Amino acid sequence: MANNKQSSLLVSKVGIIGAGISGIAAAKQLRRHNPVVFEASESIGGVWKHCSYKSTRLQTPRYDYEFSDYPWPERDNSSFPSHVEILDYLHAYAKHFDVLKYVKFNSKVVEIRFTGDQGPMVSGEIDDPEGFGLPLTGRTSWEVAVQGNNCETVQRYAFEYLVVCIGKYGDLPRMPSFPSHGGPDSFNGKVLHSLHYCKLDKEASSDLLKGKKVRKAVSKFIESYLEWKLPLKKYGLKPDHPFEEDYASCQMAILPEKFFSEADQGRIMFKRTSSRWWFWSGGVEFEDKTKLEADVVVLATGFEGKKKLKSLLPEPFSSLLEDSSGVMPLYRGTIHPLIPNMAFVGYLESVSNLHSAELRCKWLSRLLDNKFKLPKVNKMLEQTREEMEVMKKTTRFYKRHCISTFSINHSDEICEEMGWRSWRKKSWISEIFSPYNNQDYVEENKED
């Protein structure tokens, strides 16, 4: 970045990185602070815009995936909306609350520097067990370098508070490791990650796969469906672990239309194997010495969300991001107790990630408005450890930071910390028998 032109420093209270679902929710809740939102692409939407296929749909009914103050136009429609419908809904929400004026499109954050007090961590030890004090004090804590697309000039901004909403998915693909002489170079066909495949337009994706033999590698996409409902045993897809572990780790999914009918006709084939596999000139070879011929291999192997985040944060905070178990210890799923004046939205998973993001943005807004104070650092760390122990007891996939088994309790604690009632229904009968949704978490006070 030394060769790039530098511009003068712009100072603001709150900066937000990312304009996906979480970033737009944060911008709406923090709009009284006139936030600056940096979006690397030309559009809002995050993965719904840049990592979706033609068949991509929401995993839940639309009434379980809506902002509390902006219902879906047809919220009683039981169908699962497509990614296009979700983008339309998000754009309508952003326009309704005039959020787009805060977004700087085609603005990629290339560097973050810490300019405030060191915070509670010095040489790996907790130096200030009381915490960070007031979040907005008039003194800047973070400096952000931003570069526009096809532009050499780097604009620097200084913020009192920074909200990171770049998400865990997209941008950085997780690539499998291969034995020597068994990597993609050994394969005569084409290898690409699902991240790159989803960015192809309709014509390019059709040309790539037309008349070709394809396999999706190491995908656990279907193992979470109920055995009694789907022909999992027939195709050798019954998981070795209980269904509850998939629910507890937010690894449930819906299938594309006609998925198993396509399998019945032989258009989709399955190969259950261990994580050990490699390429040969004509396709993929497995540990049991069987071979699968292929012209194209699509690696549906996930993303490196934490690695992406670590590459953005400066030291010592990059090294502090994960604890010894490899999990981000986020208090209320938002605040890292060891990183001052920074919040993370969109890194905690639940049955409805939009609900989780919006409620935590409401909580964050009240934190920045000094309506409550954070607990001491040791108390926040203790809380995150207790939550992690709960996750470890319910699933071996606890590192996904999924709160599906205790999401209502999590929401109750957030409401109480904000000074809200934890019982959100209008009657105790509804509280006991009616399911919760985002409509139950509308602001209690009109001025909110």
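# Exercises on a Predicted Structure

The accessible surface of the protein chain comes to about 22,500 Å², and 50% of that area belongs to carbon and sulfur atoms. The model is a predicted one. The protein chain holds 13 helices and 15 strands, and 50% of its 448 residues count as buried.

## Exercise 1

Determine whether Gln147 is buried or exposed, and state what its side chain reaches.

**Solution.**
Step 1. Locate the residue: Gln147 belongs to strand S7, which covers residues 142–148.
Step 2. Apply the cut-off: a residue is buried when its relative accessible area is under 20%. The value for Gln147 is 18%, so Gln147 is buried.
Step 3. Examine the side chain: that of Gln147 reaches the backbone oxygen of Cys151 at 2.7 Å.
Step 4. Classify the partner: Cys151 has a relative accessible area of 34% and is therefore partly exposed.

## Exercise 2

Establish how many disulfides the whole structure contains, and examine the case of Cys165.

**Solution.**
Step 1. A search of the whole structure gives zero disulfides.
Step 2. For Cys165, the nearest cysteine sulfur is that of Cys361, at a distance of 6.1 Å.
Step 3. A disulfide requires two cysteine sulfur atoms within 2.5 Å. Cys165 is accordingly in no disulfide.
Step 4. Consider accessibility: with a relative accessible area of 7%, Cys165 is buried.

## Exercise 3

Describe the open sheet that contains S11, and explain why S11 and S13 stand at its edges.

**Solution.**
Step 1. Write the order of the three strands, which is S11-S12-S13, with antiparallel pairing.
Step 2. Count partners: S11 and strand S13 (291–293) each have a single partner strand, so one side of each is left without a neighbour in the sheet.
Step 3. State the twist, which averages 25° from one strand to the next.
Step 4. Inspect one pairing: S11 and strand S12 (residues 283–286) are joined in the antiparallel sense over four bridges. Trp277 stands opposite Phe286 in S12.

## Exercise 4

Place Phe270 in the chain, classify its accessibility, and relate its position to that of Arg215.

**Solution.**
Step 1. Phe270 is found in the loop between helix H7 (259–264) and strand S11 (277–280).
Step 2. The relative accessibility of Phe270 is 26%, so this residue counts as partly exposed.
Step 3. Phe270 and Arg215 are 55 residues apart along the chain, while their C-alpha atoms are separated by 8.6 Å.
Step 4. Turn to the whole chain: among contacts with a separation of 6 or more, 69% are between residues 24 or more positions apart.

How values were computed
Residues numbered from 1 in each chain as written. Predicted model: local features only at pLDDT ≥ 70, side-chain atom pairs only at ≥ 80, totals over all residues. Heavy atoms only, no water. Helix = DSSP H or I, 4+ residues; strand = E, 2+ residues; numbered from the N terminus. Buried < 20%, exposed > 50% of the residue type's maximum accessible area, 1.4 Å probe, protein only. Polar contact = N/O pair within 3.5 Å; in protein donor to acceptor, adjacent residues only side chain to side chain. Pairing = 2+ DSSP bridges. Axes fitted to C-alpha atoms, helices over the stretch in contact; angles between N-to-C directions. Contact = heavy atoms within 4.5 Å. Areas by Shrake-Rupley, 256 points an atom, 1.4 Å probe, with all protein chains shown as cover.
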